[in-house]
Amino acid sequence: MNNKFTVTSFKKYKLEKEKITMITAYDFTTTQLVEEAGIDTILVGESLGMVMLGYDTTLKVTMDDMIHHTKAVVRGAKNALVIGDMPFLSYHVSVEDTIINAGRFIKEAGAHAVKLEGGRDVVDKIEALVRVQIPVIGHLGLTPQSVNMFGGFKVQGKSLEDAKKILDDAKLLEAAGVCAIVLECVPEPLAKLITESISVPTIGIGAGGVCDGQVLVIQDVLGMYKDLQPKFVKKYKDLGQATVEGISEYIKEVKSGVFPEEKHTFKMKDEILEKLY
Ligand code: KIV
């Protein structure tokens, strides 16, 4: 059984060099299972747009989608810290809007923290959230909400200029008060430099083993989402194939009358049954 992971655990784990585990979850049942496995933190990622809702991009996810799924995850979480991912345009318009939307994750859904993407451009929003006591996780590197500006899903920080910008942004986010920073798809040496340069933990996804923790999308870990298979993913189980096999067997047994068996059915007294005829 794991201990309760709180926002103060982020720095403690970094200091004690204990790796932080994070995985996405979007529903109650899955959350119970990742809890049982002993995960530290759960991200209700806006990746839900693709893996749960079937959109072709995460940009279509709304605040209402996020709140609906975050509520379900919070109901299943016991020890893990639950982080709500702020969707596209929920923190871009104004500081006021940002506080209202982040506040919904905490007040309505019961999340413990929010995550938002970006560097220097969102520092004022992060500072405002921290001032109203909402813990924030940053997200740098390949930030999916900027996919149209990046011209696709590409590794970020390969040029001197880009690498310096990401490093400087990490320091700005630290100064703004984030509890941790997700580093997505950056070269491992840059992730190492950032991890060594800041006091808050880095949580890598496609950033190598040098980060203070790791995050993956659960459908990728369990082989359930076939549309995209990034290089940085490790499939630990093939639940996708197991699901297809299990359901095929169910279909076969229903069609042939093998299921349900006697043990799956309910009885009634003969004298009652007779009166029905
Ligand atoms: O949306 C998401 O699930 C994420 C993680 C991949 C970091 O942002």
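Me: A polar contact is a pair of N or O atoms within 3.5 Å; within protein, one atom must be able to donate a hydrogen and the other to accept it. With that in mind, with the side chain of which residue does the side chain of Asp169 make a polar contact?

Reply: Happy to start there, and please remember that this is a predicted model. Asp169 sits in helix H8, which covers residues 160-176. Not counting residues up to four places away in sequence, Asp169 touches Gly119, Arg120 and Leu140. The partner of its side chain, at 2.7 Å, is the side chain of Arg120.

Me: Is Asp169 buried or exposed?

Reply: Let's compare a value with a cut-off. A residue counts as buried when its relative accessible area is under 20%. Asp169 has a value of 4%, so Asp169 is buried.

Me: Let me step back to the whole chain. How many helices and strands does the protein chain have?

Reply: Good idea, an overview helps. The C-alpha atoms of the protein chain fill a box of roughly 80 × 40 × 35 Å along the principal axes. Of the 277 residues, 47% count as buried. As for the elements you ask about, the chain has twelve helices and eight strands.

Me: How far apart do the C-alpha centres of domain 1 and domain 2 lie?

Reply: First find the two parts on the chain. Domain 1 runs over 9-238, and domain 2 over 243-274. Between their C-alpha centres the distance is 44 Å.

Me: What percentage of the accessible surface of the protein chain belongs to carbon and sulfur atoms?

Reply: Begin with the total, which is about 15200 Å². The share of that surface belonging to carbon and sulfur atoms is 57%.

Me: Now to the ligand. What percentage of the ligand's surface does the protein bury?

Reply: Look at who surrounds the ligand: among the residues around it are Thr24, Leu43, Glu46, Asp85, Lys115 and His139. A backbone N or O atom of Glu46 lies 3.1 Å from a ligand oxygen atom, while side-chain N or O atoms of Asp85 and Lys115 are each 3.2 Å from a ligand oxygen atom. Taken alone the ligand exposes 260 Å², and the part of this that the protein buries is 95%.

Me: Glu46 caught my eye. With the side chain of which residue does the side chain of Glu46 make a polar contact?

Reply: Glu46 is found in the loop between strand S2 (41-44) and helix H3 (48-51). Leaving aside neighbours within four places in sequence, its contacts include Thr58, Val61, Met66, Asp85 and Phe88. One of these residues also makes a polar contact, side chain to side chain, at 3.3 Å: Thr58.

Me: And why does Glu46 count as buried?

Reply: The test is a relative accessible area under 20%. Glu46 passes it because its relative accessible area is 2%.

Me: How far apart in space are Glu46 and Thr62?

Reply: Along the sequence, 16 residues separate Glu46 and Thr62. In space, from C-alpha to C-alpha, the separation is 9.0 Å.

Me: On to the rings. Why is the pair of Phe5 and Phe10 edge-to-face?

Reply: Rings pair if their centres lie within 6.5 Å, and planes over 60 degrees apart count as edge-to-face. By this rule, the count of aromatic pairs is three. The rings of Phe5 and Phe10 are 5.0 Å apart, centre to centre, so they pair; the edge-to-face label follows because the angle between their planes is 80°.

Me: Is Phe10 buried or exposed?

Reply: Its ring partner Phe5 has a relative accessible area of 3% and is buried. For Phe10 the value is 0%, under the 20% cut-off, so Phe10 is buried.

Me: Which residues form one aromatic cluster?

Reply: You have already met two of the members, the paired Phe5 and Phe10. A tyrosine joins them, and the full cluster is Phe5, Phe10 and Tyr13.

Me: One last stop at helix H10. What is the separation of the C-alpha atoms of Asp220 and Lys235?

Reply: Asp220 lies in helix H10 (residues 218-221) and counts as buried at 12% relative accessibility. Its contacts beyond four places in sequence include Tyr225, Leu228 and Lys235. Asp220 and Lys235 are 15 residues apart along the chain, and their C-alpha atoms are separated by 6.1 Å.

Terms used: Residues numbered from 1 in each chain as written. Predicted model: local features only at pLDDT ≥ 70, side-chain atom pairs only at ≥ 80, totals over all residues. Heavy atoms only, no water. Phe/Tyr/Trp six-rings, centres within 6.5 Å; stacked < 30°, edge-to-face > 60°. Buried < 20%, exposed > 50% of the residue type's maximum accessible area, 1.4 Å probe, protein only. Helix = DSSP H or I, 4+ residues; strand = E, 2+ residues; numbered from the N terminus. Contact = heavy atoms within 4.5 Å. Domains from an automatic or database assignment. Near = heavy atom within 4 Å. Areas by Shrake-Rupley, 256 points an atom, 1.4 Å probe, with all protein chains shown as cover.
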